[in-house]
Amino acid sequence: MGEKPDIDIVVMDDTTREAAHELMRAQWGDRVVSLGRVVDPFDIPARVAMSGGVFAGVAAYLIEADELEVVALASTGAVSGVGRALMDEMVSVARQAGLRRVRLITTNDNLQAIGFYQIIGMTIARVGVNAMEEARKLKPEIPLTGNQGIPIRDEIEFEYLIEG
Ligand SMILES: CC(C)(COP(=O)(O)OP(=O)(O)OC[C@H]1O[C@@H](n2cnc3c(N)ncnc32)[C@H](O)[C@@H]1OP(=O)(O)O)[C@@H](O)C(=O)NCCC(=O)NCCS
C-alpha cells in the first residue's frame, strides 16, 4: 500500500505491550464493539510500530475464516507514516495466511480515519446505519457525540481485498 519511512513493524512483546495497551485504552477504554460483538483488544495478536527505538503505534487484529479484522489501530502521532506502515503489515499478515480480505469498522464521526483509510487504498464495503444504537447496548459508555461534536451514529466498514 505504499512506501514506509524509518519505521519498523514488529510483533508486540513484553517490552512494548504496556505502551501499546496504554494507547489503545486511551482511545477505546477496555473493550471494542465491532460487528455486533465485544472484543477484548488486549487479548488478541498485535503488531507495534517503532521509530528510532521508540514506540509509535499499534494494530491489534483477529483472524476469522478467510478475513483479517483490524480491531484497533492507533498511532502516537509523533511520527508520520505509522498508520500506513501498520496497515501495510496487516495486509502482509493476511496475504501470508492466504486470507481473502482485510476489514475494519470505524464510526461516522471519525473523519480522520475515514480520510486515512481511503488514502491508503481501502474502500467502503458497508454502512451500518444507526448501528451504534445496538453497539451501546453492549458498551453503554460509547459517547453520544465524537470528534468535533458529531453524533456517533453509524458503523462504516472498510475493506481491502487481497488479490490473487
Ligand atoms: C487513523 C490513524 C491510525 C492514522 O495514522 P497516521 O500515523 O496518522 O497515518 P499516516 O501518517 O500513516 O498517514 C497516511 C496517509 O494518510 C494521510 N492522512 C492521515 N490522516 C489524514 C486526514 N485526516 N486527512 C487527510 N489525510 C490524512 C497522511 O497525510 C498520509 O498521506 P501520505 O502518505 O500521502 O503523506 C491515526 O490518526 C490515529 O491513531 N487516530 C486515532 C485512532 C483512530 O481513530 N484509529 C482508527 C479507528 S478505526
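## The largest pocket

Start with the largest pocket: 42 residues line it, and Q27, W28, L73, N110 and A113 are the ones that lie nearest its centre. Keep in mind that this is a predicted model. The space inside the largest pocket comes to about 1100 Å³.

What classes of residue make up that lining? The lining of the largest pocket has 22 nonpolar residues, along with 13 polar and seven charged ones.

## Who builds the lining

Helices and strands both chip in here. On the helix side, α1 (17-28), α2 (82-96) and α3 (111-119) each supply at least two residues of the lining of the largest pocket, and on the strand side β2 (32-34), β6 (67-75) and β7 (101-107) do likewise.

Which element gives the most to the lining of the largest pocket? That would be β6, with seven residues.

## How α2 sits against α3

Two of those lining helices, α2 and α3, also pack against each other, at an angle of about 55° and with their axes 11 Å apart. An angle like that falls in neither the roughly parallel nor the roughly perpendicular range, so α2 counts as oblique to α3. As for handedness, α2 passes α3 in a right-handed crossing.

Now for the residues that do the touching. From α2 come G83, R84 and M87, and they meet F116, Y117 and I119 of α3. Sorted by class, the contact of α2 with α3 has four nonpolar residues, one polar and one charged.

Technical notes
Residues are numbered from 1 along each chain as its sequence is written. This is a predicted model: local features need pLDDT of at least 70, side-chain atom pairs count only at pLDDT 80 or more; totals for chains, interfaces and linings use all residues. Side-chain values use heavy atoms; hydrogens and water are left out. On a 1 Å grid over the protein atoms alone, a cavity is a set of points where a 1.4 Å probe fits but cannot get out, and a pocket is an open set with protein on both sides within 12 Å along at least five of seven lines; lining residues have an atom within 4 Å of a point. Grid points are joined across faces, edges and corners, and a volume is the space filled by probe spheres set on the points. Helices (H or I, at least four residues) and strands (E, at least two) are DSSP runs, numbered from the N terminus. Ala, Val, Leu, Ile, Met, Phe, Trp, Tyr, Cys and Pro count as nonpolar, Asp, Glu, Lys and Arg as charged, and the others, Gly among them, as polar. Axes are lines fitted to C-alpha atoms, for helices over the stretch in contact, and angles run from 0 to 180 degrees between N-to-C directions. Angles under 35 degrees count as roughly parallel, over 145 as roughly antiparallel, 65 to 115 as roughly perpendicular and the rest as oblique. A crossing is left-handed if the near helix is turned anticlockwise from the far one by less than a right angle, and right-handed if clockwise. Contact means heavy atoms within 4.5 Å.
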